[in-house]
Amino acid sequence: MTFETVIQSIFTSLFLVSVIRISTPIIFPALGSLVSVKAGASNKALEGLMLVGAFTGVMVSAYTGNVWLAVLCGMVVAVLISALLAIFHLYLGTDLFIGSLAVNMMCSGGTTFLMYIITGDKGNTGNLASLSVPNVHIPFIKDIPFIGEVLSGHNVFTYLAFFLTFVIYIFLYRTRYGVSLRAVGENPEAATSLGINVKRVRMTALIISGVLSSLGGMNLSMAYLQMFARDMSAGRGWIGLASVSLGGKKPLGTMLAAVLFGFSDAIANQFGSLDIPAQLVTMIPYATTIIALVVYAIQQRRAILSRMKKFQKENEEQLKGAPEKSE
Amino acid sequence: MRPLIDLINIDKVYDNGVVANNGVNFSVKKGEIHALVGENGAGKSTLMKILYGMEKPTEGEIWVNGEQKHFNSSTDAIAATIGMVHQNFMLVPSFTVAENVVLGDEPRKNGLIDRDAVLNITKDLSDQFGLFVQPDAIVNSINVGMRQRVEILKTLYRKAEILILDEPTAVLTPQETDDLFIAIRILVKQGKTVIFITHKLREVKEISDRVTVMRHGKMIGTLDTKDVSREQMANMMVGREVFLDIKKPKIKRGEKRMRVKNLSYVSEIGRQLLRNVNFNLYAGEILGIAGVEGNGQTELVEVLTGLKPAAGGTVLIGDCNILESTPREIRLRKIAHIPEDRLSNGVAVRSTIEENIIVDRYFQKPYRNGLFINRKVVKTECENLIEKFSILTPNGKLPVSSLSGGNMQKVVVAREFSSEPEVLIASQPTRGIDVGSTEFIREQLVEIRSKGTAILLVSADLSEVMSVSDRIVALYEGEITGVFPDASKVSEKELGLYMLGVKQQTYEEMEKYL
Ligand SMILES: Nc1ncnc2c1ncn2[C@@H]1O[C@H](COP(=O)(O)OP(=O)(O)OP(=O)(O)O)[C@@H](O)[C@H]1O
Ligand SMILES: [Mg+2]
């Protein structure tokens, strides 16, 4: 493949479809992280929670044949584990970061161990007949050329991810509980003085972030692929965490940041077919992000200073005619 | 008649062993304004937090309206129509005024928060009680006076009948204090009861019906305000004679320490908050800035200390323009700074008292020992300061958050004074400090000034500016409107006219005194 063909392929509907496909499993943990960050208890166990979600979904679907029951079970397991993390942190005083690391390691090891016991394979569950969630073809839209190809025909999780972005926005900014949650994150003393139970709110936030992460995990194992693979979350939880900061801690921004990461990943995939070392290519998205953030910060500072200088000049011009001297 | 509130034999021992309340009896009648006074750390805030359900008493009974109460959290106290405005504001900075007012109990439509109602409710409450606020302003961007009113509106929104105001006037200008008192009188007329904590005995006389004095966690007595003089109250609080006036040795003005020339500052949204400010600070002299809060004092101090970038002008120390320096470099030039808001700029509340005291010098000898901090030196030095500034604490290893408000302020003052500054920029140095300690800090200011420090004093308390300063400039809308070379020769009234921009001296008139 030549460089031109790679560039050309970026402007096809196929590429956009892959961007959406790749972004989805980042959006879920990103939203989860957002909720916990807003409550002032940043959940960093997203990776682990994705894994247990992914694993549970695959196992339950393989043994019961019911996809929706599988999804439900995946979520329930995530609730239990994140509740455990929350209790350790909020009531027993464990540092949240250390607790999160423990959960990540436990989930990584635990899922691999159980997979080996159940299937006899340490790598993946390829030999199990697990199910995947259905794809959705949107009436009318699917018939529009290009747009239909891009927007229609994705799996249920994809639509859910974008829809949840909206739901989380409403939750955080338009519901009582959500607003309290943000207050708890920003000024817990103020919240306490109004009778808001800080610990309970943080508990809820951690559980919500667990559920969202598990959905991201199941998106990987029941849509993206149709099996569970060891450590298949592959850093998406951490990328989700980064999306929150990049997205300015706002729902829409977080989602867009996640899509940006998806986009760079997709580009990296395309470049992967060129004769460039794969490791170098996969670095692109992260390197770009860091540079973009630094440039943005410098710009901001400059902009403020130059705005001040401008105002000052204007004001000075107004003052002319009544000049004031220094000594 | 039974009192509305009856606290009986309240004991409170904090986890760290501090006895904050010791057998306190406190009762409040319906419809009165009840002042609560006492030195820093006397246990006033603690007692009120107990009444507001935020702290549990170790021992004792709480009776409200003839019923015994066991408050588990402030929710219970709010339900018993008690509202509290805390000494340290309890607002969510990124939320709007209106969102803060209704927080936790927002009006809803179809299950979602009704944003219009949020704004309207706030506006109506604000009109009803004469407490002016901008409902849609972000709390971060409003001044302390308005923040205060937001806090009061919060309690009113929750239908509070009993309002506890913990040092509400500490952060207010005289004008704002007057407005607050008008509002309090309106509240009382509408049947509410107000408990009012303050260190300013003048205010006690002015507004309260009865006054309770506390000392060292004990209740000393409750009196009708009209029967006690300020001197008597001060003596009850401190347990000794207090001199409300300070004695100043004659001024020995030295060389120019700091020259401020044409200094301007423009806010990010383009408001000109300082306009061509010129003045000099001399060794051995206290220059006071008189101004109604919000006329550029805050910005002036922040620009001088490197916290905000100037838009134009120079500030010279010797031949060096410090506007290009970082705060650390400025401090290394022996310029000390007592910031106006101790919580955001003065102390790190989770760090210990010792750490807060050495934070500006830990990297220098003798506090440093090679790569490490010399714990021994730090300890003895801090013990001396705790003693000298009578900071009320069992030891210096406790976090600053365990101190009472006034004692936190003393930590800041102790650090800045002990750095042996050549220039001291003091913003509200006695905010929230009791009479005894205020006396002490003012004496200290005068003392280091007599030893040759140049001091810039900014205070919302006009009487403080007038009694402590040697020379005064009036600041109005970011401009110097007048300079008074001898502070003892200007009247409060005259100064007020310049502070409000009614009168203005020309630059030629001012030049030689600046
Ligand atoms: N959370 C806490 N933990 C431990 N000790 C505390 C705590 N809060 C207050 N104290 C201590 O209890 C004592 C009384 O404090 P309190 O805040 O009630 O004083 P105050 O009368 O309000 O003083 P101020 O006028 O300075 O605000 C002080 O010695 C203080 O250090
Ligand atoms: Mg107090």
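Author: Let's start with a term: helices (H or I, at least four residues) and strands (E, at least two) are DSSP runs, numbered from the N terminus. This is a predicted model, where local features need pLDDT of at least 70, side-chain atom pairs count only at pLDDT 80 or more, and totals for chains, interfaces and linings use all residues. Residues are numbered from 1 along each chain as its sequence is written, chains are lettered from A and ligands numbered from 1 in the order in which they are written, and side-chain values use heavy atoms, with hydrogens and water left out.

Reader: Okay, where does A:Asp231 lie?

Author: Look in chain A, in the loop between α10 (198-224) and α11 (236-246). A:Asp231 isn't a glycine, yet its phi is positive, about 50 degrees.

Reader: Is A:Asp231 buried, exposed or partly exposed?

Author: Buried means under 20% relative accessible area, exposed over 50%, and partly exposed in between (1.4 Å probe, protein chains only). A:Asp231 has 35%, so we call it partly exposed. B:Asn110 also has a positive phi, near 55 degrees, and it is exposed at 76%.

Reader: Which protein donors does the magnesium ion (ligand 2) have?

Author: Donors are N, O and S atoms within 2.8 Å of the metal (3.2 Å for Na, K and Ca); water is not among the atoms, so sites may look incomplete. Here they are B:Ser45 (OG) and B:Gln87 (OE1), 2.0 to 2.2 Å from the ion. B:Ser45 sits in helix α1 (residues 44-51) of chain B and B:Gln87 in the loop between β6 (82-85) and α3 (97-102), so the pair ties together parts 42 residues apart in sequence. Both residues, B:Ser45 and B:Gln87, are buried.
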